[in-house]
Amino acid sequence: MATLTFPQEGRVVEDPQEISRFLAGVGIWYGKFAGTDSLPEDAGDQEILDAYQGPIQQLMREGGYVTADVINVKSTTPGVEAMLARFNKEHWHDEDEVRFIVDGRGLFHIHPTEGPTFSLEVVKGDMIRVPRGTHHWFDLCADKTIRAIRLFQDKSGWTPHYTESGEDTKFQPLCFGPSYIPFQRTL
Ligand SMILES: [Fe+2]
């Protein structure tokens with residue numbers, strides 16, 4: 001289940017309908033999709049794309065996306081830290097960021113133009129679309145595992161533009177799932 005957190009208020013929202021309502025208010029599509037349990041763990045990328053043709057085609061029609069691929073990251077993936085470092089600083093894209101989470105989990109921080117910065121922990125079965133231009137950053141959780149379908153209008157729009165605002169330095173990348181490690185202040 002996804003978790004919406006307002007770190008500055010210490011507020012956590014877990015009700016999916018309340019999460020969807022709030023996110024819709026700031027222009028983010030969020031929803032659940034079904035059917036992930038039937039896939040074998042060693043499913044290949046094409047097998048995953050085939051299994052989700054229904055929701056992929058629907059989103060492509062609604063958002064004008066033309067290509068889809070699968071990203072597969074594990075703690076053992078070569079270069080995982082360098083890959084993460086590209087996206088864990090506040091940035092925006094010329095392209096929507098659309099993800100279906102097929103396995104694992106990750107943490108988006110969103111910095112809307114109005115209202116406080118919040119985080120959304122996405123898990124298997126979640127779909128999220130962060131519109132182009134939205135200031136955000138992304139972390140993996142402690143297990144550093146995520147497998148997700150990505151949709152694109154134009155892959156060249158995927159390059160991150162960094163805001164250099166420092167907003168990302170004000171927040172801990174805390175996940176609440178099985179890998180949750182409470183932040184401990186050492187005095
Ligand atoms: Fe991004």
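**The nonpolar core and the strands around it**

In this predicted model, the largest nonpolar core is built from 34 residues, and those with the most contacts inside it are Phe100, Phe108, Leu120, Ile128, Ile149 and Leu151. Quite a few elements chip in: α1 (16-25), α3 (53-63), β6 (97-111), β7 (118-123), β8 (126-130), β9 (135-140) and β10 (146-152) each supply at least two residues of this core. The largest share belongs to β6, which brings seven residues. As a general backdrop, nonpolar side chains in soluble globular proteins tend to be buried together.

Ile149 gives a good look at how this core is put together. Leaving aside residues up to four places away in sequence, Ile149 touches Ile48, Leu49, Tyr52, Ile56, Ala68, Val70, Phe100 and Val102. One of these partners, Phe100, is itself listed among the core residues with the most contacts.

Next comes β8, another contributor to the core. This strand is mostly covered, with five of its five residues buried. Asp126, Ile128 and Val130 point one way from β8, while Met127 and Arg129 point the other way, and all are buried. Strand pairing goes along with this picture. Strand β3 (residues 29-32) runs antiparallel to β8 and is joined to it by four bridges; here Trp29 has Arg129 as its bridge partner in β8. β6 also runs antiparallel to β8, again with four bridges between them, and Arg99 finds its bridge partner in Ile128 of β8. Ile128 thereby turns up twice, as a bridge partner and as one of the core residues with the most contacts.

Zooming out, the chain holds four helices and 11 strands. Its C-alpha trace spans about 50 × 35 × 30 Å along the principal axes. Is the overall size what a compact globule would give, or not? A compact globule of 187 residues would have a radius of gyration near 16 Å, and the chain agrees because its own value is 16 Å. Buried residues account for 30% of the 187 residues. Of the contacts between residues at least 6 apart in sequence, 75% join residues at least 24 apart.

Away from the strands themselves, Ala142 sits in the loop between β9 and β10. Ala142 counts as partly exposed because it has 16 C-beta neighbours inside 10 Å; being buried would take 20 or more. Ala142 and Pro16 are 126 residues apart in sequence, and their C-alpha atoms are 23 Å apart in space.

Definitions and conventions:
Residues are numbered from 1 along each chain as its sequence is written. This is a predicted model: local features need pLDDT of at least 70, side-chain atom pairs count only at pLDDT 80 or more; totals for chains, interfaces and linings use all residues. A nonpolar core is a set of buried Ala, Val, Leu, Ile, Met, Phe, Trp, Tyr and Cys residues joined through C-beta atoms within 7 Å. A residue is buried if 20 or more other C-beta atoms lie within 10 Å of its own, exposed if 12 or fewer, and partly exposed in between; C-beta atoms are placed from the backbone. Two residues are in contact if their C-beta atoms, placed from the backbone, lie within 7 Å. The radius of gyration is taken over C-alpha atoms; the globule rule is 2.2 Å times the number of residues to the power 0.38. Two strands pair if DSSP finds at least two bridges between them.
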